[in-house]
Amino acid sequence: MSDHVYKKIELVGSSKESIEAAAQNAVTTASKTVRNMRWLEVGEIRGHIVDGQVEHWQVGVKIGFTLDSKD
């Protein structure tokens with residue numbers, strides 16, 4: 001097994017349901033175009049307030065993935 005090289009991308013997922021759903025939305029959308037995703041790191045959590053209620057959540061995530069090797 002060769003040594004891995006990782007790259008990170010930063011995304012913001014959102015959801016009206018929960019923080020976890022916001023993070024999952026970011027991962028699910030990224031998985032359509034990014035291969036070899038291995039981990040995520042939550043960095044920011046925000047909520048949008050409308051009429052005194054949380055309307056939706058925003059979660060900033062960094063997603064790490066391995067780069068393709070020539071091996």
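The following exchange concerns a predicted model and its sheet, helix, loops and surface.

Visitor: In which order do the three strands form the open sheet?

Guide: The pairing in this sheet is antiparallel. Strands E1 (6-15) and E2 (37-50) stand at the edges, each with a single partner strand, so one side of each is left without a neighbour in the sheet. Neighbouring strands are turned by 15 degrees against each other on average, direction ignored. The order is E1-E3-E2.

Visitor: Over how many bridges do E2 and E3 pair?

Guide: Strand E3 covers residues 53-66 and meets E2 in the antiparallel sense. Within this pairing, arginine 46 stands opposite glutamine 58 in E3. The number of bridges between E2 and E3 is twelve.

Visitor: Which residue in E3 is the bridge partner of glycine 47?

Guide: Glycine 47 has its bridge partner in E3, the strand that comprises residues 53-66. That partner is tryptophan 57.

Visitor: What angle does the direction of helix H1 make with that of E3?

Guide: Helix H1 consists of residues 19-30 and packs on the sheet. The helix touches E1, E2 and E3. Its direction and that of E3 make an angle of about 45 degrees.

Visitor: Is aspartate 51 buried or exposed?

Guide: Aspartate 51 lies in the loop between E2 and E3, a hairpin with two residues between the strands. Its phi is positive, about 50 degrees, although the residue is not a glycine. The relative accessible area of aspartate 51 is 76%, and the cut-off for this class is over 50%. Aspartate 51 is therefore exposed.

Visitor: Which accessibility class does asparagine 36 count in?

Guide: Asparagine 36 is located in the loop between H1 and E2. Its phi is near 60 degrees, a positive value in a residue other than glycine. The relative accessibility is 26%, whereas buried means under 20% and exposed over 50%. Asparagine 36 therefore counts as partly exposed.

Visitor: What accessible area do Leu40, Val42 and Ile45 have together?

Guide: These residues form a nonpolar patch on the surface. One of them, isoleucine 45, is found in strand E2, which stands at an edge of the sheet. Together, Leu40, Val42 and Ile45 have an accessible area of about 260 Å².

Terms used:
Residues are numbered from 1 along each chain as its sequence is written. This is a predicted model: local features need pLDDT of at least 70, side-chain atom pairs count only at pLDDT 80 or more; totals for chains, interfaces and linings use all residues. Side-chain values use heavy atoms; hydrogens and water are left out. Two strands pair if DSSP finds at least two bridges between them. Helices (H or I, at least four residues) and strands (E, at least two) are DSSP runs, numbered from the N terminus. Axes are lines fitted to C-alpha atoms, for helices over the stretch in contact, and angles run from 0 to 180 degrees between N-to-C directions. Contact means heavy atoms within 4.5 Å. Buried means under 20% relative accessible area, exposed over 50%, partly exposed in between (1.4 Å probe, protein chains only). Patches are made of residues with over 30% relative accessible area and no salt bridge: like charges are joined within 9 Å, nonpolar side chains (Val, Leu, Ile, Met, Phe, Trp, Tyr) within 5 Å. Accessible areas come from the Shrake-Rupley method with a 1.4 Å probe; for residues, only the protein chains shown count as cover. A salt bridge is a side-chain nitrogen of Lys or Arg within 4 Å of a carboxyl oxygen of Asp or Glu.
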